[in-house]
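Reader: I have a protein model open and no clue how to read it. Could you walk me through it, one feature at a time?

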Amino acid sequence: MSLKILSITLLLLFVCVSCHSSKGTRHRHPGRIPPCCPAVTKGNKRDDVVGETYREQAATPPCVKAIIFNTKDGQLCADPDAQWVKDLTANMRKV
């Protein structure tokens, strides 16, 4: 019985440590996509966009409603109601 309890305890400990250590991984690696956009960019950033795809993000606090484009420096969170965003997404593929 005690071996069973020890095994379960070690398994739970391993799961907790694994989850805790992977929480901040995205923040430590600048090339990775952050969990969400907490704000959208101001102004027309059309020239910074690379690639032919974009993602939509729903407003779920702390995230805001956004269109996410790729840039050479990472991701760009844009206002989905901005005219330049509507024009650009009309010729792109949503992923």
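Author: Let's go through the sheet, the aromatic rings, the core, the disulfides and one odd peptide bond. Before that, keep in mind that this is a predicted model, where local features need pLDDT of at least 70 and side-chain atom pairs count only at pLDDT 80 or more, while totals for chains, interfaces and linings use all residues. Residues are numbered from 1 along each chain as its sequence is written, and side-chain values use heavy atoms, with hydrogens and water left out.

Reader: Okay, the sheet. In what order do the four strands lie?

Author: Strands of a sheet pair through backbone hydrogen bonds, either parallel or antiparallel. Here strands (E, at least two residues) and helices (H or I, at least four) are DSSP runs, numbered from the N terminus, and two strands pair if DSSP finds at least two bridges between them. In this model the order is S3-S2-S1-S4, an open sheet with mixed pairing. S3 and S4 (93-94) stand at the edges with a single partner strand each, so one side of each has no neighbour in the sheet.

Reader: How do S2 and S3 run, parallel or antiparallel?

Author: Antiparallel: five bridges join S2 (residues 66-71) to S3 (residues 74-78). A hairpin connects S2 to S3 through two residues, and Phe69 stands opposite Leu76 in S3. By contrast, S1 (residues 49-57) and S4 run parallel, joined by two bridges, with Tyr54 opposite Lys94 in S4.

Reader: How many aromatic pairs are there?

Author: Rings of Phe, Tyr and Trp (its six-membered ring) pair if their centres lie within 6.5 Å; planes under 30 degrees apart are stacked, over 60 edge-to-face, and the rest tilted. That rule gives two pairs. One of them, Tyr54 with Phe69, is tilted, at 6.4 Å centre to centre and 50 degrees between the planes. The pair links distant parts of the chain, with Tyr54 in S1 and Phe69 in S2, 15 residues apart. Add Trp84 and you have one aromatic cluster of Tyr54, Phe69 and Trp84.

Reader: Are Tyr54 and Phe69 buried or exposed?

Author: Buried means under 20% relative accessible area, exposed over 50%, and partly exposed in between (1.4 Å probe, protein chains only). Both Tyr54 and Phe69 are buried. A nonpolar core is a set of buried Ala, Val, Leu, Ile, Met, Phe, Trp, Tyr and Cys residues joined through side-chain atoms within 4.5 Å. The largest one has eleven residues, including Tyr54, Phe69, Leu76 and Trp84. Its largest share, three residues, comes from H3.

Reader: Which cysteines form disulfides?

Author: A disulfide is a pair of cysteine sulfur atoms within 2.5 Å. Cys36 and Cys63 form one, sulfurs 2.2 Å apart; the torsion about its S-S bond is about -95 degrees, so this disulfide is left-handed. Cys36 lies in the loop between helix H2 (25-28) and S1, and Cys63 in the loop between S1 and S2, so the pair ties together parts 27 residues apart in sequence. Cys37 and Cys77 form another, sulfurs 2.0 Å apart, and with -70 degrees about the S-S bond that link is left-handed. Cys37 is in the loop between H2 and S1 and Cys77 in strand S3, 40 residues apart.

Reader: And the odd peptide bond: which residues does it join?

Author: Most peptide bonds are trans. The one from Pro61 to Pro62 is cis, with omega near 10 degrees, and Pro62 lies in the loop between S1 and S2.
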